[in-house]
Amino acid sequence: MSSYRAEEIFVINDIETTHDHKYLVVDINSTDSTRDIQSLVYWLEAERVNPEKHNLISIVESEFKEIAITSIKRRHYTGSVYDITVEDDNSFITKNEVILH
């Protein structure tokens, strides 16, 4: 299903989302070799993601990995937006393996 929108979007590490799209993140420096990263991750809206405080989470070969945020931009978008919701799960993995909700 698609809809037409004209709004500001966020571009975080080249991933374009609306302001309220949630990224799976972890606080920088909250992990060490003795702690399980899976217990430290949480969902955070794009407009609240901060490269000085957060790393994105990707999944590679069934393991969570931290990805530094290299850029956050805002830009205006006009066009179609597609809903790719799957029954019982609204999460998905982008082409660069970042987890979104």
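Here is a short walk through this structure, from the whole chain down to a few single residues. Please keep in mind that the model is predicted.

Let us begin with the overall picture. The chain has 9 strands and 0 helices, so its elements, read from the N terminus on, run β-β-β-β-β-β-β-β-β. The C-alpha trace spans about 45 × 30 × 20 Å along its principal axes. For a chain of 101 residues, a compact globule would have a radius of gyration near 13 Å, and the 14 Å found here agrees with that. Of those 101 residues, 31% count as buried. The chain exposes about 6,800 Å² of surface, and carbon and sulfur atoms supply 45% of this area. Contacts also tell us how the chain comes together: among those with a separation of 6 or more, 64% are between residues 24 or more positions apart.

Now look for one of the sheets. Three strands form an open sheet in the order S2-S1-S7, with antiparallel pairing. Its edge strands are S2, residues 15–18, and S7, each of which pairs on one side only. On average, neighbouring strands of this sheet are turned by 40° against each other, direction ignored. What holds such strands side by side? Strands of a sheet pair through backbone hydrogen bonds, either parallel or antiparallel. Here, strand S1 (residues 2–12) and S7 run antiparallel and are joined by 11 bridges. To find one of these pairs in the model, start at Ser2, whose bridge partner in S7 is Tyr82.

Staying with S7, which covers residues 72–82, we come to Tyr77. Is Tyr77 buried or exposed? Neither label fits: its relative accessibility is 22%, and because buried means under 20% and exposed over 50%, Tyr77 counts as partly exposed. A polar atom of the Tyr77 side chain lies 2.6 Å from the backbone oxygen of Ser80. Setting aside neighbours within four places in sequence, Tyr77 is in contact with Arg5, Ala6, Glu7 and Ile9. A look at Glu63 gives a sense of distance: Glu63 and Tyr77 are 14 residues apart in sequence, and their C-alpha atoms are 33 Å apart in space.

At the other edge of the sheet, strand S2 holds Thr18. Thr18 has a relative accessible area of 10%, so it is buried. Its side chain makes a polar contact of 2.8 Å with the side chain of Asp20. With neighbours within four places again left aside, Thr18 is in contact with Arg5, Glu7 and Ala46. Arg5 and Glu7 may look familiar, as both are also among the contacts of Tyr77.

Our last stop is the loop between strand S5 (54–60) and strand S6 (63–68), where Glu61 is found. Ser62 sits in this loop between S5 and S6 too. What is the sign of phi at Glu61? Phi is positive, about 50°, although Glu61 is not a glycine. Ser62 likewise has a positive phi, near 70°, and is a residue other than glycine. Glu61 has a relative accessible area of 74%, so it is exposed. Ser62, at 71% relative accessibility, counts as exposed as well.

Methods
Residues are numbered from 1 along each chain as its sequence is written. This is a predicted model: local features need pLDDT of at least 70, side-chain atom pairs count only at pLDDT 80 or more; totals for chains, interfaces and linings use all residues. Side-chain values use heavy atoms; hydrogens and water are left out. Helices (H or I, at least four residues) and strands (E, at least two) are DSSP runs, numbered from the N terminus. Buried means under 20% relative accessible area, exposed over 50%, partly exposed in between (1.4 Å probe, protein chains only). Contact means heavy atoms within 4.5 Å. A polar contact is a pair of N or O atoms within 3.5 Å; within protein, one must be able to donate a hydrogen and the other to accept it, and residues adjacent in sequence count only if both atoms are side-chain atoms. Two strands pair if DSSP finds at least two bridges between them. Axes are lines fitted to C-alpha atoms, for helices over the stretch in contact, and angles run from 0 to 180 degrees between N-to-C directions. The radius of gyration is taken over C-alpha atoms; the globule rule is 2.2 Å times the number of residues to the power 0.38. Accessible areas come from the Shrake-Rupley method with a 1.4 Å probe; for residues, only the protein chains shown count as cover.
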